[in-house]
Amino acid sequence: MLDTAKTRWHPIAASYDLPFRHVFHAQLLGREFAVWRADDGYVNIWENRCLHRGVRLSIGINDGRELKCQYHGWRYSNRTAGCTYIPAHPADAPARTITNRTFAGVERYGLVWSAEEPHGRVPDVAGLREGEQLALRGIPLNAPADAVVSALTGYRFQPNGRLQGNTANVSLEGSDTFSVALRAYEEGAETLVVFFVQPVDSSRSVIRGVLDAGPQGAERLAILRHHNERLSKLREIAEREAQAAPQPAPLEPVIERVSPELAEMPEMTAHGRKATIRVTVARKWLAADGIAAFELRPVQGLLPTFQPGAHIDVHMPNGLVRQYSITNGPGESDSYVIGVKLERDSMGGSLCMHETVREGDLLAISEPRNNFPLRRDAVRTIFVAGGIGVTPLLAMAQALKNQNLDYEFHYFAQNQEQLAFPEKTALLGEALKPHLGFLPETTAAKLKEILSGYRPDMHVYLCGPGPMLEAARRIAADLGWPETAVHFEYFKNTNTIDDSSSFEVALARSCVTLQVTAGKTILETMREAGIDMPSSCEQGACGTCLATVIEGEPDHQDVYLNDAERKSGTKIMTCVSRARSARLVLDL
Amino acid sequence: MTPTKCQDQVVLDLWHPLAALAEVPAGFVQETVLLEERVSYATDGGGNAAVWLSRPDLVAGCPFEPGALTRALPAKVAYGYIWTSLGTPPTELFFIPEYAEPDRRRLNAATVGVNVSAPRAIENFLDMGHFPYVHTDILGAEPHTEVKEYDVELSVERDEIVATRCRFFQPKASTASTEGADVEYIYRVPHPYCSILYKSSPVDETRLDVIAVFLQPMDQEHIRAHMMLCVLDDENEDKVIKRFQQTIFGQDKPILENQFPKRLPLDPRAETPIRADKSAIAYRRWLSQKGVTYGVIPAAT
């Protein structure tokens, strides 16, 4: 009877099964896995099934950072298996919670180990020393694991260096339900082999043998051939016996259901302004003159999946909360890297990050949120960054570069020393176009040059100081860019907020009517009534607290919506905007 | 009658396609599999067909004598195919009015065996999002990957799903053009295992080509897909027209055979739909409402 304990570690592949950018199809106790190594070395072990339509991810494409499904091009991030892009809806950021099931993985003794719910660590094996072993070719066979283990106890072989002989003594050093250790001796030579039997299914197994030593060159080949021949003979016998025995029913792994909100047609859902993640400042360095960079690593577990354009809230030791864009390229999922510019008129946020926060400090951050999503269906994408506005665009450009899509990256700064993250921008190669020392007037002329030649299916992404964005948006409009092709993100809302009005807000889905008084925002009023609403910057710049207007006339005071969106009157930023009419009905 | 292996009365009562009439040598017994039953059929060369549950006295290859046949299954010849049913089928098959238009070419592009359930294959037929990835540079091309909003409705009086205003960027929109452009599609699902698509004709802008897929369920996880073409084309030889469709289907086949589970899960939480999958969502609901259980994993109730 097969021990189907889900808690026991089993080998599911050999390390050599994961060559550069390959996806390996593995199976354990009836469950299939897509196993792939990212370029950063991380071994991903995932349910072998795209969450969208169930297509095997083992036929997907490993681009070194992400795994792309063959059917609809959905992209899943290294480490987290979170979906980062759904090409059918290029304007939307996928709900962050679309995450494939991942399984624990450890590389040891030249094998990749996994289990459904492993307990403890991969056991130490007496006599095997990491780095010195030789993993044999995996021998798949149509026989149940227990029968294979019992066949292996009678395995006979020659020690390394005495392959020509035929008189070795073989002693059984130990065995259990899924492993057998044997030692062969002949005239002073001795070799230990440990066989791990991988239960693929109730009636199929793989023999994964590891020798305690593996010389190089011709001798190595000879050893591999020696065991291959003998194990192949063992296979023939074991399969013949298994065929004669009654066939056990195949195992049926349970596929987890997706969460209820994912089963419905997706509405972007985010969470409140909550600092749910603890990170350590793993590294702090000067990314440019006046710009500090921080590498934030999770205290435990993995960081959530991010998309290019996403930002996090950083909760600082002094109690302030600030938003910073994630600069990482796709698949760089072991940490988040942010850049913080020291503002001359800092209210204490950037000053705290620059002067108080040090390497080794703990910080609380929010999950990443993406209100500045990147379309990847443009024939050409133009990025225009001003100063620290480079951060979200850097993440975007790396994503396009990784997919070989066409883009150019214009980066305005005062001087060379102020160009941030040179090690990242250097990777953009020819696409990077620095523009140094421009004054407001000359900037406008340069922007005209950059934005001339609009063609359908081109998109521009702008991030930088307010006046530069205003100029760029105006110039783009003059040059025939439709509003839908011009995407922007402001650092902050410099509008003076007029919160003197009072009005009524009806929340259609919640069946609640609230009175918003002068001096209070819609967001605050809703929260007081116990209605949770996601928010982040709370000054009308980031787009997190967007709500849909069903009825009434909004009084827009944000810098997130574009003119067309404002005029349509169907969207409102609840943290700063208010009502011109006596009553607003929101789809909440 | 001995009980059938398929227990799904809805599916038993449907008409199912068996073969393209034009490809059946007249006067000899043919054999195939439908819903796990061996089924034999023969034609008389005059457009009539007979179908029966296979029996030892009339094996494949035998000359067929219509007089010898008792206890035949219902048989129908429609849209160039022989259809039968293991239950009590409706009088009429679904209607494709364009089939009667005299200036159209009518062909069976191919009959292909696929290791997948019929509903998975229907969903693939309804799906546009995969064009740039699976039919690269033919029906779609990156970076033009967007599935624009379209409309889906369940036509109550005809009991069929209709998706309209479907548009997708095609790199070479017609034989005449070198530029890409949006191409319009209309999809109909008038039968749980059959679907019809209408696509702007490259030769006549005012009319639509008709491409249909009629699936023969051999069992819950294996089908034979019959692809019908009813197109406006005076230029190309049959084999050219067929080859195009065979290429497209050949690209879908490995994807379909790598879907897991092979039967279509009707539990809304089994997979993750997006807006582009509106028609598939409607199709899954429709199958649930009809009570179809064959080739699907019914939602737990």
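How many Å separate the centres of domain 1 of chain B and domain 2 of chain B, taken over C-alpha atoms? In this predicted model, the separation of those two centres is 27 Å.

## The two domains of chain B

The domain assignment divides chain B into domain 1, covering residues 9–84, and domain 2, covering residues 97–297. Although the centres of domain 1 and domain 2 of chain B lie 27 Å apart, the two domains touch each other, with 19 residues of domain 1 in contact with 23 residues of domain 2.

## Where the domains meet

Between them, domain 1 and domain 2 of chain B bury about 1600 Å², and 63% of this area is on carbon and sulfur atoms. On the side of domain 1, the three residues Pro17(B), Tyr79(B) and Tyr81(B) supply 31% of the area that this domain buries against domain 2, which is more than any other three residues supply. There are zero salt bridges between the two domains, whereas 13 residue pairs, with both residues at pLDDT 80 or more, are in polar contact between them.

Several elements of chain B each supply at least two residues to the side of domain 1 that touches domain 2, namely helix 1 (9–12), strand 1 (16–20), strand 2 (30–34) and strand 6 (81–84). Strand 1 of chain B gives the largest share of that side, with five residues. Sorted by class, the residues on this side of domain 1 of chain B comprise 14 nonpolar, three polar and two charged ones.

## Paired strands in chain B

Within chain B, strand 9 (residues 160–170) and strand 10 (residues 181–191) run antiparallel and are joined by eight bridges; in one of the pairings, Phe168(B) has Val183(B) of strand 10 as its bridge partner.

Strand 10 of chain B also pairs with strand 11 (residues 194–200) of chain B, again in the antiparallel sense, over five bridges, and here Ile186(B) stands opposite Tyr198(B) of strand 11. The connection from strand 10 to strand 11 of chain B is a hairpin that passes through two residues.

## The contact between chain B and chain A

Chain B contributes 35 residues to its contact with chain A, and chain A contributes 40 residues. About 3400 Å² is buried between the two chains, with carbon and sulfur atoms giving 52% of that area. On the side of chain B, Phe260(B), Arg269(B) and Thr272(B) supply 23% of the area buried against chain A, more than any other three residues of the chain.

Eight salt bridges are found across the interface of chain B and chain A. In one salt bridge between these chains, Glu123(B) is paired with Arg53(A), and the closest N and O atoms are 3.3 Å apart. The two chains also have 19 residue pairs in polar contact, counted where both residues are at pLDDT 80 or more. The elements giving two or more residues to the side of chain B that touches chain A are helix 2 (118–126), helix 3 (131–134) and helix 5 (278–290) of chain B, with helix 5 providing the largest share, four residues. By class, this side of chain B has 14 nonpolar, eight polar and 13 charged residues.

Conventions: Residues numbered from 1 in each chain as written. Chains lettered and ligands numbered in written order. Predicted model: local features only at pLDDT ≥ 70, side-chain atom pairs only at ≥ 80, totals over all residues. Heavy atoms only, no water. Domains from an automatic or database assignment. Contact = heavy atoms within 4.5 Å. Buried area = accessible area lost by both parts, 1.4 Å probe. Salt bridge = Lys/Arg side-chain N within 4 Å of Asp/Glu carboxyl O. Polar contact = N/O pair within 3.5 Å; in protein donor to acceptor, adjacent residues only side chain to side chain. Nonpolar A, V, L, I, M, F, W, Y, C, P; charged D, E, K, R; others polar. Pairing = 2+ DSSP bridges.
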